[in-house]
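Here are my notes on the model you sent round. They are kept to points that can be checked against the coordinates.

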Amino acid sequence: MAKEATFEIKCDQEWVGAGWAIEIDGDSHIVTAHHVVENCLEGEFIGARNAEIGLFGLELVWSDGAFWDGGSTDLALLKSSKALNTLNFQEEKPEIGQW
């Protein structure tokens with residue numbers, strides 16, 4: 001199901017990276033890196049597509065490229081205008097050696 005939940009991200013006229021669909025409070029969102037959308041922050045069109053769903057719009061909810069000692073957050077959250085297939089996370093505690 002990861003393939004159906006993986007999307008290409010478009011900023012204005014350029015394909016800039018990838019993201020993964022997750023569900024938050026019943027709404028579909030795409031998580032990506034801040035550096036993927038950092039040039040889209042000035043009100044330009046942000047969209048996504050994959051092999052199953054054609055281009056659709058996204059709303060930037062949050063993006064943070066802040067740095068601290070040893071790293072950065074480099075995360076962005078985009079809200080989808082469509083219902084998406086999302087990644088399903090395991091509810092049970094993982095065990096050592098489990099795939």
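The points below cover the core, the aromatic contact, the salt bridges, a surface patch and one loop residue.

1. Status of the model. This is a predicted model. Each point below should be read with that in mind.

2. Nonpolar core. The largest nonpolar core has 18 residues. Within this core, Phe7, Ile9, Ile30, Phe56 and Leu58 touch the most other members. At least two core residues come from each of β1, α1 (34-37), β4, β5 (56-64) and β8. Strand β1 gives the largest share, three residues.

3. Leu58. What does Leu58 touch, once residues up to four places away in sequence are set aside? The list is Ile9, Ile30, Ile46, Gly47, Ala48, Leu78, Lys79 and Ser80. Two of these, Ile9 and Ile30, are also named with Leu58 among the core residues that touch the most other members. Lys79 is on the contact list too, and its side chain takes part in a salt bridge with Asp27, described in point 6.

4. Aromatic pair. The count of aromatic pairs comes to one. The partners are Phe7 and Phe56, with ring centres 5.8 Å apart and planes at 90°. The geometry is edge-to-face, because planes over 60 degrees apart are classed that way. Phe7 belongs to strand β1 and Phe56 to strand β5, so the pair ties together parts 49 residues apart in sequence. Both Phe7 and Phe56 are buried, and both are among the core residues that touch the most other members.

5. First salt bridge. Two salt bridges are counted. One joins Arg49 and Glu8, with 2.7 Å between the closest N and O atoms. Arg49 sits in strand β4 (residues 46-49) and Glu8 in strand β1 (residues 6-11), so that the pair links distant parts of the chain, 41 residues apart. Are these two residues buried or exposed? Arg49 is partly exposed, at 31% relative accessible area, and Glu8 is likewise partly exposed, at 36%.

6. Second salt bridge. The other salt bridge is between the side chains of Lys79 and Asp27, at 3.5 Å from N to O. This pair also connects distant parts of the chain: Lys79 is in strand β8 (residues 75-80), Asp27 is in strand β3 (residues 27-32), and 52 residues separate them. Lys79 has 31% relative accessibility and Asp27 has 33%. Both count as partly exposed because their values fall between the 20% and 50% limits.

7. Surface patch. Trp15, Phe45 and Leu55 make a nonpolar surface patch of about 260 Å². Phe45 lies in the loop between α1 and β4. With 37% relative accessibility, Phe45 is partly exposed. Patch residues must have over 30% relative accessible area, and the 37% of Phe45 meets that limit.

8. Asn39. Which residues does Asn39 touch, apart from those up to four places away in sequence? They are Cys11 and Glu44. Asn39 is in the loop between α1 and β4, which is also where Phe45 is found. Asn39 is exposed, with 62% relative accessibility. The C-alpha atoms of Asn39 and Asp12 are 9.3 Å apart, although the two residues are 27 apart in sequence.

How values were computed. Residues numbered from 1 in each chain as written. Predicted model: local features only at pLDDT ≥ 70, side-chain atom pairs only at ≥ 80, totals over all residues. Heavy atoms only, no water. Salt bridge = Lys/Arg side-chain N within 4 Å of Asp/Glu carboxyl O. Helix = DSSP H or I, 4+ residues; strand = E, 2+ residues; numbered from the N terminus. Buried < 20%, exposed > 50% of the residue type's maximum accessible area, 1.4 Å probe, protein only. Core = buried A, V, L, I, M, F, W, Y, C linked by side-chain atoms within 4.5 Å. Contact = heavy atoms within 4.5 Å. Patch = residues over 30% accessible without salt bridge, like charges linked within 9 Å, V, L, I, M, F, W, Y side chains within 5 Å. Areas by Shrake-Rupley, 256 points an atom, 1.4 Å probe, with all protein chains shown as cover. Phe/Tyr/Trp six-rings, centres within 6.5 Å; stacked < 30°, edge-to-face > 60°.
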